[in-house]
Amino acid sequence: MNAPLSAALYERVSHVIPKAEWLSFEDDIEAILRLKSERNAVVLAHNYQTPEIFHGVADIVGDSLALAREATRVEADVIVLAGVHFMAETAKLLNPEKTVLIPDVGAGCSLADSITPADIALLRQTHPGVPVVTYVNTSAAVKAASDICCTSGNAKRVVESLGVPKVLMLPDEYLARNIARETDVEMIAWHGHCEVHELFTADDVREMRAAWPGVTIIAHPECPPEVVAEADFSGSTAGMSDYVGSAKPGRVVLLTECSMSDNVSVQHPEVDFVRPCNLCPHMKRISLANIRAALEENRHEVTVDPAITDDARRAVERMLAV
């Protein structure tokens with residue numbers, strides 16, 4: 001990598017990545033930037049990716065909703081999804097003619113694993129006529145069995161857009177319960193949980209307030225409702241970042257995956273971030289090395305069964321239209 005580009009990239013992340021560690025990344029970053037140009041490729045990175053990916057090689061960053069929206073506008077031939085498998089499937093649904101790669105096929109999701117199309121069929125039998133709102137943190141097959149998708153950032157708007165008194169909201173129980181507090185629509189929840197966010201407790205919040213008086217605590221809505229109730233604000237990863245940017249708290253805790261604090265702190269170095277660390281083992285399977293390998297070898301191309309593609313795409317597009 002030429003010196004000016006390397007220096008400019010490192011300057012942004014210098015307070016979250018030690019120089020010696022950055023030097024170990026430079027060969028991969030240089031190769032990825034070259035390969036993106038050669039292959040007309042872009043890297044879409046979720047907010048939970050590590051800073052060297054998020055700020056070093058990503059072209060588009062954001063939460064699940066932002067990545068889904070931006071995937072419809074991508075003009076590249078190749079999309080590398082630096083995130084988990086359901087995100088790559090969503091990108092493929094919205095870009096059927098493009099090559100979509102995921103650097104590690106093992107990058108899954110506890111929420112996506114918690115429900116199947118057969119589960120939805122049984123729920124429809126038990127609750128006939130009740131629409132199924134499915135979180136994007138699900139497989140394409142589950143999306144295809146649903147009426148409409150949502151993210152943590154637009155779940156309330158999606159639910160209320162249906163104009164019905166009751167919905168089945170799947171698969172995140174805590175998201176459903178947290179949204180239920182904000183709307184008059186009755187929510188019938190599934191029992192899935194995010195393995196990262198379910199670890200936070202209300203006692204954690206109280207202990208942080210005692211340890212850092214005056215701290216602002218922001219919780220992801222996948223956290224248990226009692227955690228959200230104790231927090232100062234709750235929102236999607238995009239909502240969290242926007243809140244920090246607008247409120248400019250002196251000290252803040254983000255109750256979500258570890259790398260989120262690193263990435264937001266790059267944008268707001270004046271804010272002191274307390275970092276309780278719950279790692280997502282799936283997000284952390286993505287690295288510069290396997291992003292590079294994906295581009296070099298066209299490795300781990302994502303496909304969606306043609307039998308479910310139209311129905312799954314419809315559920316995602318209905319969400320994007322809200």
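Visitor: What makes Leu44, Phe86 and Val136 part of the lining of the second largest cavity?

Guide: Lining residues have an atom within 4 Å of a cavity point, and in this predicted model the set that lines the second largest cavity includes Leu44, Ser64, Leu67, Phe86, Met87 and Val136. Helices H4 and H5 each give two or more residues to that lining. The volume is about 80 Å³.

Visitor: How do you know which classes make up that lining?

Guide: Leu, Ala, Phe, Met and Val count as nonpolar, and the split comes out as 9 nonpolar, 2 polar and no charged.

Visitor: And what does the largest cavity look like by class?

Guide: That lining has 12 nonpolar, 13 polar and 4 charged residues. The space comes to about 280 Å³, and among the 29 lining residues, Tyr48, Met87, Asn137, Glu222 and Met283 are the closest to the centre.

Visitor: Why is Asn137 called buried?

Guide: Buried means under 20% relative accessible area; Asn137 has 8%, so the label fits. Asn137 sits in the loop between S5 and helix H7, and touches Ser64, Phe86 and Glu222, among others.

Visitor: Why does Tyr135 get that label too?

Guide: Tyr135 has a relative accessible area of 3%, under the 20% cut-off, so Tyr135 is buried. Tyr135 lies in strand S5, and its contacts include Ser152, His220 and Glu222.

Visitor: What links these residues to the UniProt annotation "binding site"?

Guide: The unreviewed UniProt entry puts Tyr135, Val136 and Asn137 in that annotation, among others. From this set, the lining of the largest cavity takes in residues including Tyr135, Asn137 and Glu222.

Technical notes. Residues numbered from 1 in each chain as written. Predicted model: local features only at pLDDT ≥ 70, side-chain atom pairs only at ≥ 80, totals over all residues. Heavy atoms only, no water. UniProt positions renumbered as here; feature names shortened; annotations may be inferred. 1 Å grid on protein atoms, 1.4 Å probe; cavity = no way out; pocket = protein on both sides within 12 Å on 5 of 7 lines; lining within 4 Å. Helix = DSSP H or I, 4+ residues; strand = E, 2+ residues; numbered from the N terminus. Buried < 20%, exposed > 50% of the residue type's maximum accessible area, 1.4 Å probe, protein only. Contact = heavy atoms within 4.5 Å. Points joined across faces, edges and corners; volume = space filled by probe spheres on them. Lists of a residue's contacts leave out its neighbours within four places in sequence.
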